[in-house]
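This report describes the arrangement of strands and helices in one protein model and then turns to individual residues. The reader is invited to keep the sequence and structure in view throughout.

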Amino acid sequence: MMESPREASLRRRVLFVTGWYVHPLHEGIVDFAKEAGWVLDNDMCYSGKIPKQWEGDGILCRHAFRTDMIDFASSAAVPVVGFEEDTRLPSPCVYYNEEAIGRLAAEHLLARGYHRLGFFHLGITPFQCQRMAGFRRAAASAGADFVELKPPSPPRWPLPR
């Protein structure tokens, strides 16, 4: 059964902007949008471009620390939910417990008998430091050796293709 124009106009229009594409995250958002009856604009997942003209009811923002996306979402006159912890976008956020992820990774290796653990990171995002802190703490509490591995200087951002 087709919805009437009035029913369609009552549905929430939500924009998903993303600077770092994560397929499972996109799938989850699409599934929830269907369940909630949203009209989801996820064109940026394919074009990589912030829309110039957009009118809607809310924004989901995975900005990947891109200042253009942070500025866009911050200046919007609609509610915004972020997918990074970043004080530059003062909005509610849905995010992982990075320290717990690092701790669980170290515990996984320790449970398999490894006693010298290394953590590789590029040093370009805050979440890597939080994961490393949890990883390092778990290694130390188990008496394991910890080695931090990173390039001598952070790579240019965005990374060349």
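Strands E3 and E4 pair in the parallel sense, with 3 bridges between them. Within this pairing, Cys61 stands opposite Gly82 in E4. On its other pairing, E3 meets E1, again in the parallel sense, over 5 bridges; here Val14 has Gly58 of E3 as its bridge partner. The model is a predicted one, and the descriptions below should be read accordingly.

These pairings belong to an open sheet of 4 strands, in the order E2-E1-E3-E4, with parallel pairing. Strand E2 (39-41) and strand E4 stand at the edges with a single partner strand each, so one side of each has no neighbour in the sheet. From one strand to the next, the twist averages 20°. As a general point, strands of a sheet pair through backbone hydrogen bonds, in either a parallel or an antiparallel manner.

How many residues of E3 are buried? The count is 5 of the 5, so E3 is largely enclosed by the rest of the structure. Gly58, Leu60 and Arg62 point one way from the strand, while Ile59 and Cys61 point the other way, and all are buried.

Strand E3 also takes part in a right-handed β-α-β unit, together with H4 and E4. Helix H4 spans residues 67-75, and its buried residues are Met69, Ile70, Phe72 and Ala73. Seen down the axis of H4, these buried residues fall within an arc of 165°, so they line one face of the helix. In general, an α-helix has 3.6 residues a turn, so residues three or four places apart point the same way. The face of H4 turned away from the buried side carries Asp71 and Ser75, both exposed. The cover over the buried residues of H4 includes strand E1 (13-18), helix H3 (44-47), strand E3 (58-62) and strand E4 (80-82).

Two residues illustrate opposite degrees of exposure, as the following table sets out.

| Residue | Location | Relative accessibility | Class |
|---|---|---|---|
| Arg62 | strand E3 | 11% | buried |
| Pro154 | segment after strand E6 (145-149) | 52% | exposed |

Arg62 counts as buried because its relative accessibility of 11% is under the 20% cut-off. Leaving aside neighbours within four places in sequence, Arg62 is in contact with Phe16, Val17, Thr18, Gly19, Trp20, Val22, Leu25, Met69, Phe83, Glu84 and Tyr96. One of these contacts, Met69, is also among the buried residues of H4.

Pro154, by contrast, counts as exposed because its 52% is over the 50% cut-off. Which residues does Pro154 touch, not counting those up to four places away in sequence? They are Leu122, Gly123 and Ile124. Pro154 and His63 are 91 residues apart in sequence, and their C-alpha atoms are 19 Å apart in space.

Finally, the confidence of the prediction deserves attention. The mean pLDDT of the protein is 88, and 90% of its residues reach 70 or more. Among the elements, helix H5 (residues 98-111) has the highest mean pLDDT, 97, and helix H1 (residues 5-10) the lowest, 66. Where pLDDT is low, the predicted coordinates should not be read in detail.

Notes
Residues numbered from 1 in each chain as written. Predicted model: local features only at pLDDT ≥ 70, side-chain atom pairs only at ≥ 80, totals over all residues. Heavy atoms only, no water. Buried < 20%, exposed > 50% of the residue type's maximum accessible area, 1.4 Å probe, protein only. Helix = DSSP H or I, 4+ residues; strand = E, 2+ residues; numbered from the N terminus. Arc of directions from axis to C-beta. Contact = heavy atoms within 4.5 Å. Pairing = 2+ DSSP bridges. Right-handed = clockwise from strand over helix to strand, strands pointing away. pLDDT = per-residue confidence, 0-100. Axes fitted to C-alpha atoms, helices over the stretch in contact; angles between N-to-C directions.
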